[in-house]
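Subject: A structure for you to explore

Hello,

I am passing on a structure that I have been looking through, and I hope you enjoy it. Please open it first, and then read my notes below with it beside you.

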Amino acid sequence: MNVSDRRRPKDMEVQTLTQNTFKGQIEKGVTLVDFYAPWCGPCKIQGPIVDQLAEEVKNKATVAKVNTDIEMDIAAEFGIQSIPTLLLFKDGYLVDRLVGLQSKDVLQRRIDEIAAMGTSC
């Protein structure tokens with residue numbers, strides 16, 4: 001087994017959202033959504049951070065990605081003008097927006113804070 005094979009299960013924790021699946025995913029619980037594009041340099045750095053985070057927070061939050069080149073309508077709906085942009089949702093409500101490259105610690109802390117908010121925002 002090579003190194004990339006060992007990482008594969010962690011990558012599978014991150015869901016890819018589309019116009020058809022986005023609203024259903026964010027409406028319950030905490031969801032971190034990474035808006036990215038495959039050609040974006042900072043997104044290529046953010047991606048593995050998000051993948052690793054997904055494994056660590058799987059009992060607290062869902063981690064998902066939206067490819068802004070494909071899902072332009074979702075990006076437009078949330079006013080995504082810079083990538084990477086990471087949005088945090090709680091029970092369908094947008095509760096935080098982080099623009100630019102973010103560390104795993106920052107993302108983990110925000111997820112912990114949002115998960116502790118209780119049942120309503």
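Which helix does C43 lie in? C43 sits in helix α3. Before you look it up, please keep in mind that this is a predicted model.

**The overall plan**

The protein contains 5 helices and 5 strands. If you follow the chain along its sequence, these elements come in the pattern α-β-α-β-α-β-α-β-β-α. There are 121 residues in the protein, and buried ones make up 40% of them. Take the contacts between residues with a separation of 6 or more: 70% of these join residues 24 or more positions apart.

**Back to C43 and its helix**

C43 has a relative accessible area of 5%, so it is buried. Beyond the neighbours within four places in sequence, C43 is in contact with Y36, A37, I83 and P84. P84 is a good example of how the chain folds back: it is 41 residues from C43 along the chain, yet their C-alpha atoms are separated by 5.4 Å.

P84 deserves a look of its own. It belongs to the loop between α4 (72–77) and β4, and the peptide bond leading from I83 to P84 is cis, with omega near 0°.

Further along α3 you will come to D51. Is D51 buried or exposed? D51 is buried, because its relative accessible area is 15% and the cut-off for buried is under 20%. The C-alpha atoms of D51 and K104 are 9.9 Å apart in space, while the two residues are 53 apart in sequence.

**How α3 meets α5**

K104 brings us to another helix, as it is one of the α5 residues that α3 meets. Two packed helices are described by the angle between their axes and the distance between those axes. For α3 (residues 41–56) and α5 (residues 104–115), the axes come within 10 Å and cross at roughly 40°. The two helices are therefore oblique to each other, and the crossing of α3 past α5 is right-handed.

Which residues make this contact? From α3 come Q46, I49, Q52, L53 and E56, and they meet K104, L107, Q108 and I111 from α5. Sorted by class, the contact has 4 nonpolar, 3 polar and 2 charged residues.

**The nonpolar cores**

Two of those α5 residues, L107 and I111, turn up again in the largest nonpolar core. This core has 16 residues, and the ones that touch the most other members are L32, V63, L88, L107 and I111. Two or more residues come from each of β2 (30–36), α3, β3 (61–67), β4 (85–90) and α5. The element that gives the most is α3, with 4 residues.

Try clicking on L32 to see this core from the inside. Apart from its neighbours within four places in sequence, L32 is in contact with L53, T62, V63, A64, L86, L87, L88, L107 and I111. There is also a second, separate core of 13 residues, and F22, I26, I74 and F89 are among them.

**F35 and A75**

F35 is found in strand β2. It counts as buried because its relative accessibility is 0%. Setting aside residues up to four places away in sequence, F35 touches F22, V66, T68, I74, A75, F78, I80, I83, P84, T85 and L87. The C-alpha atoms of F35 and L17 are separated by 9.9 Å, with their positions 18 residues apart along the chain.

A75, one of the residues that F35 touches, is in helix α4. With a relative accessibility of 7%, A75 counts as buried too. Its contacts outside the neighbours within four places in sequence are F35, T68 and I80. A75 and T85 are 10 residues apart along the chain, and their C-alpha atoms are separated by 9.7 Å.

**One last stop: D91**

What is the phi of D91 near? Phi of D91 is near 50°, a positive value in a residue other than glycine. You will find D91 in the loop between β4 and β5 (93–99). Its relative accessible area is 27%, so D91 is partly exposed.

Have fun exploring, and write back with any questions.

Best wishes

Technical notes: Residues numbered from 1 in each chain as written. Predicted model: local features only at pLDDT ≥ 70, side-chain atom pairs only at ≥ 80, totals over all residues. Heavy atoms only, no water. Axes fitted to C-alpha atoms, helices over the stretch in contact; angles between N-to-C directions. Parallel < 35°, antiparallel > 145°, perpendicular 65-115°, else oblique. Left-handed = near helix turned anticlockwise from the far one by under 90°. Contact = heavy atoms within 4.5 Å. Nonpolar A, V, L, I, M, F, W, Y, C, P; charged D, E, K, R; others polar. Core = buried A, V, L, I, M, F, W, Y, C linked by side-chain atoms within 4.5 Å. Buried < 20%, exposed > 50% of the residue type's maximum accessible area, 1.4 Å probe, protein only.
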